[in-house]
Structure formats: C-alpha cells, structure tokens
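Open your viewer and get ready to click through a few selections. We'll go one stop at a time.

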Amino acid sequence: MQQLYYLHGFASSSQSEKARLTQDYFAALPGVQLTALDLPYTPAEAMATLQQQITAPPAAIIGSSLGGFLATVLAEQYGCRACLINPAVAPHKVLADYIGEYQHPVLQQRYQVRTEHMSQLASLMPLTLKRPEQYFVLLQSGDEVLDYRQALKYYQGARFELVEGGDHSFVGYQQYLAQIAEFCLQQP
C-alpha cells in the first residue's frame, strides 16, 4: 500500500474542493491510501501534527499553497516526492501582511495569525532543495496571492506545469489529477 498525504493551504481544510477532488481521485486507485489532514493554524502545531501522523516516509505528499510549503519541508526530511499546487515560497514574508484574528469559513473556528508564527515559518524553510527532481510544481500565472516566479526560482530543477492565467485556487485542477498521480506514484 502506497501512502500519500494531502496538505491544505492557509485558512483551508481537508473539506476544500481541491482536497475532496484529490481524495476522490486517489480513492479509486488500487494499492493507494491518501490521507487529508486538517492542520492547526500555528506552524509549530501543524508540524507537530504532521510528525505525529506521518510515522514512515510516504510515497509522496501533495500540498497546496501553505500546504505546499509544509510538503516541501517534509519531502526534504523524508526524501519523498512532493507535488505542489501554487506553493507558498517564504510564507513568513507573505503571511506577515495577515497578522490578526480570523474566522475559518469551513471549520467555524476563530484563529490568530501572530508575529511569532512568522519566525516559526522562517525557521522551517529549507534554504536549498536536496533533490529538486523529486518535485512536481503546478503554477498559474494569474495567482493573485503568490508570485509564481518565486516558485520557478526556488524549485529550479523540478518538473513544472505553468499555466497562463488562472488564480490561486488553480483553475481546472481536476484536469491535472492524472499527471499528479503518475508523478506521485512513480517508483524511485
């Protein structure tokens, strides 16, 4: 059984459309188990949850936005493949503009983004990638939240799918699930 994980982005959940599409697609594949986790909002708690849940190197980790950043941290730790959808690069710089209190629309929970979370994220960021060929990065140039060019630079040597237009949600995501599965399930 090949184990994979799906990591959602900031202020998202395992019930997001992208997470559900991914879970449904992988559920139909034999010999594959995909787990989508609901992650805490603080980086330290999110990493603690991931370390507790992922007890052995998975076949691959799929991550969207901030989940793409966390997938990168874990892929570097475990040496596994990672598929990233509009991943956050240096999220401590992006989220610094969002310090404050929020209400999660799906989970109906209040949460705070604090300054100390930015230093937690900065300390997690790998300075370089050990094996960039272990990454498949899907980007849309119309991403209104993250600058896709940062990912092009940071993930040099990775496999890329750059789509003109779109947005941060990655418009047409479902069309790429076969490519994502093929990449994630390749034998090393």
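Start in the middle of things: this is a predicted model, and its largest nonpolar core has 39 residues. Select Leu7, Leu50, Phe69, Leu70, Leu74, Tyr135 and Tyr155, the residues with the most contacts inside that core. Now colour the pieces that each supply at least two residues of this core: strands β1 (2-7), β4 (81-85), β6 (110-113) and β7 (135-140), plus helices α2 (43-53), α3 (66-78), α5 (115-124) and α6 (148-154). Which helix gives the largest share of this core? That's α3, with eight residues.

Apart from this core there is another one, made of 24 residues. To find it, select Leu4, Ala19, Ala60 and Ile85, which are among its members.

Next, zoom in on Leu7. Ignoring neighbours within four places in sequence, you'll find Leu7 in contact with Leu39, Leu50, Ile61, Ile62, Gly63, Ser64, Gly67, Leu70, Ala71 and Leu74.

**Helix α5**

Show α5 and pick out its buried residues: His117, Met118 and Leu121. Turn the view until you look straight down the axis of α5; the buried residues fall within an arc of 105 degrees, so they line one face of the helix. What do they pack against? Show α2, α3, α4 (91-94) and β6, and you have the partners of those buried residues. Then select Thr115 and Ser123, which are exposed on the other side of α5.

**Aromatic rings**

Time to show the Phe and Tyr side chains. A pair of aromatic rings is described by the distance of the centres and the angle of the planes. The count here comes to eight aromatic pairs. Try Tyr154 and Tyr155: their ring centres are 4.8 Å apart and their planes stand at 90 degrees, so this pair is edge-to-face. Are these two buried or exposed? Buried means under 20% relative accessible area. Tyr154 has 17% relative accessibility, so Tyr154 counts as buried, and Tyr155, at 0%, counts as buried too.

Now jump to Phe170 and Tyr176, another edge-to-face pair, with 5.3 Å from centre to centre and 85 degrees between the planes. Both Phe170 and Tyr176 are buried. For a bigger group, select Phe10, Tyr41, Tyr102 and Tyr111, which ring pairs link into a cluster.

Rings can have charged company as well. Select Arg81 and Phe183: the charged end of Arg81 sits over the ring of Phe183, 4.5 Å from the ring centre. Do the same with Arg159 and Phe136, where the charged end of Arg159 sits over the Phe136 ring, 4.1 Å from its centre.

**Two last stops**

Where is His168? Look in the loop between β8 (159-163) and α7 (177-184). His168 has 15% relative accessibility, so it counts as buried. Add Asp143 to your selection, and you can see a polar contact of 2.9 Å joining the side chains of His168 and Asp143. Leaving out residues up to four places away in sequence, His168 touches Lys18, Ser65, Asn86, Asp143, Glu144, Val145 and Leu146.

Finish in helix α6, where Gln150 lies. At 40% relative accessibility, Gln150 counts as partly exposed. Bring back Phe136 and compare: Gln150 and Phe136 are 14 residues apart in sequence, and 15 Å apart in space from C-alpha to C-alpha.

Key: Residues are numbered from 1 along each chain as its sequence is written. This is a predicted model: local features need pLDDT of at least 70, side-chain atom pairs count only at pLDDT 80 or more; totals for chains, interfaces and linings use all residues. Side-chain values use heavy atoms; hydrogens and water are left out. Rings of Phe, Tyr and Trp (its six-membered ring) pair if their centres lie within 6.5 Å; planes under 30 degrees apart count as stacked, over 60 as edge-to-face and the rest as tilted. Buried means under 20% relative accessible area, exposed over 50%, partly exposed in between (1.4 Å probe, protein chains only). A charge sits over a ring if NZ of Lys or CZ of Arg is within 6 Å of the ring centre and within 35 degrees of the ring normal. A nonpolar core is a set of buried Ala, Val, Leu, Ile, Met, Phe, Trp, Tyr and Cys residues joined through side-chain atoms within 4.5 Å. Helices (H or I, at least four residues) and strands (E, at least two) are DSSP runs, numbered from the N terminus. Contact means heavy atoms within 4.5 Å. The arc is that of the directions from the helix axis to the C-beta atoms. A polar contact is a pair of N or O atoms within 3.5 Å; within protein, one must be able to donate a hydrogen and the other to accept it, and residues adjacent in sequence count only if both atoms are side-chain atoms.
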